[in-house]
Amino acid sequence: MKFEMYQDKGGQFRFRLKAGNGENILKSEGYVVRASCKNGIDSVKMNADKDRRYVRLIAKNGEPYFNLKASNGRIIGTSETYSSKQACENGIRSVMNNAPIAVIEDLT
């Protein structure tokens, strides 16, 4: 598992957490400054192992997904949607176990 830090078409910095199979598990909002994006990754690493930081939600299409929140309640990452609640829980467990030790690949 790794974090990829990149710049989007609008020039904002973003990160995504990718599983070993290349699937995106978590993505960030856009940041104006690269350092803020790095701070977002650090926040994910610090909060990932705390189940209470995960908010389980249902998308408009009925598929489950989750947000990871910082201690201040701000969303620091949003997952992709999943085919089932169990798959969503598996995604959360993967983030909990792997994000704190994931390497950062800077694609900017």
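Here is a quick tour of the fold, its core, its aromatic rings and a few single residues. Keep in mind that this is a predicted model. The backbone of the story is an open sheet of seven strands with mixed pairing. Helix 2 lies across part of that sheet, over strand 2, strand 3, strand 4 and strand 5. The largest nonpolar core counts 25 residues, and helix 2 gives the most to this core.

**The sheet**

- Going across the sheet, the strand order reads 4-5-6-3-2-1-7.
- Strand 4 (54-58) and strand 7 (103-106) sit at the edges, so to speak, and each pairs on one side only.
- From one strand to the next, the twist averages 25°.
- As background, strands of a sheet pair through backbone hydrogen bonds, and the pairing can be parallel or antiparallel.
- Strand 1 and strand 7 run parallel and are joined by four bridges. Within that pairing, Glu4 stands opposite Glu105 in strand 7.
- Strand 3 and strand 6 (residues 75-79) run antiparallel, with two bridges between them. Here Leu26 faces Ser79 of strand 6, the two standing opposite each other.
- Strand 5 and strand 6 are antiparallel too, joined by three bridges. Look for Leu68 opposite Gly77 in strand 6.
- The hairpin of strand 5 and strand 6 has five residues between the strands, and Gly73 takes a positive phi near 90° there.
- As for how helix 2 is laid over the sheet, it runs at about 25° to strand 5.

**The nonpolar core**

- Which residues have the most contacts inside the largest nonpolar core? They are Phe3, Val44, Tyr54, Phe66 and Val95.
- Strand 1 (2-7), strand 2 (13-18), strand 3 (24-27), helix 1 (34-47), strand 5 (64-69) and helix 2 (85-98) each put in at least two residues. Helix 2 supplies four residues, the most of any element.
- In general, nonpolar side chains of soluble globular proteins tend to be buried together.
- Phe3 is a good residue to click on. Leaving out residues up to four places away in sequence, its contacts include Phe15 and Leu17, along with Ile41, Val44 and Lys45. Phe3 also touches Ala99, Ala102, Val103, Ile104 and Glu105, among others.

**Aromatic rings**

- How many aromatic pairs turn up in a search of the whole structure? There are three.
- Phe3 and Phe15 make an edge-to-face pair, 5.9 Å centre to centre and with 75° between the planes. Phe3 belongs to strand 1 and Phe15 to strand 2, 12 residues apart, and the pair links distant parts of the chain. Both Phe3 and Phe15 are buried.
- Phe66 and Tyr82 count as stacked because their planes are at 15°, with ring centres 6.3 Å apart. Phe66 lies in strand 5 and Tyr82 in the loop between strand 6 and helix 2, so the pair ties together parts 16 residues apart in sequence.
- Phe66 is buried, at 0% relative accessible area. Tyr82 counts as buried as well, at 15% relative accessibility.
- Tyr54 joins Phe66 and Tyr82 in one aromatic cluster.

**Cysteines**

- If you're wondering about disulfides, the count comes to zero.
- For reference, a disulfide is a covalent bond between the sulfur atoms of two cysteines.
- Cys37 is buried, with a relative accessible area of 0%. Cys88 is buried too, with a value of 2%.

**Two residues in helix 1**

- Ser43 lies in helix 1. Is Ser43 buried or exposed? Ser43 counts as buried, at 12% relative accessibility.
- Setting aside neighbours within four places in sequence, Ser43 is in contact with Ala70 and Ile76.
- Ala35 is in helix 1 as well. Ala35 is partly exposed, because its relative accessible area of 45% falls between the 20% and 50% cut-offs.
- The C-alpha atoms of Ala35 and Thr81 are separated by 28 Å, and the two residues are 46 apart along the chain.

Conventions: Residues are numbered from 1 along each chain as its sequence is written. This is a predicted model: local features need pLDDT of at least 70, side-chain atom pairs count only at pLDDT 80 or more; totals for chains, interfaces and linings use all residues. Side-chain values use heavy atoms; hydrogens and water are left out. A nonpolar core is a set of buried Ala, Val, Leu, Ile, Met, Phe, Trp, Tyr and Cys residues joined through side-chain atoms within 4.5 Å. Buried means under 20% relative accessible area, exposed over 50%, partly exposed in between (1.4 Å probe, protein chains only). Contact means heavy atoms within 4.5 Å. Two strands pair if DSSP finds at least two bridges between them. Axes are lines fitted to C-alpha atoms, for helices over the stretch in contact, and angles run from 0 to 180 degrees between N-to-C directions. A disulfide is a pair of cysteine sulfur atoms within 2.5 Å. Rings of Phe, Tyr and Trp (its six-membered ring) pair if their centres lie within 6.5 Å; planes under 30 degrees apart count as stacked, over 60 as edge-to-face and the rest as tilted.
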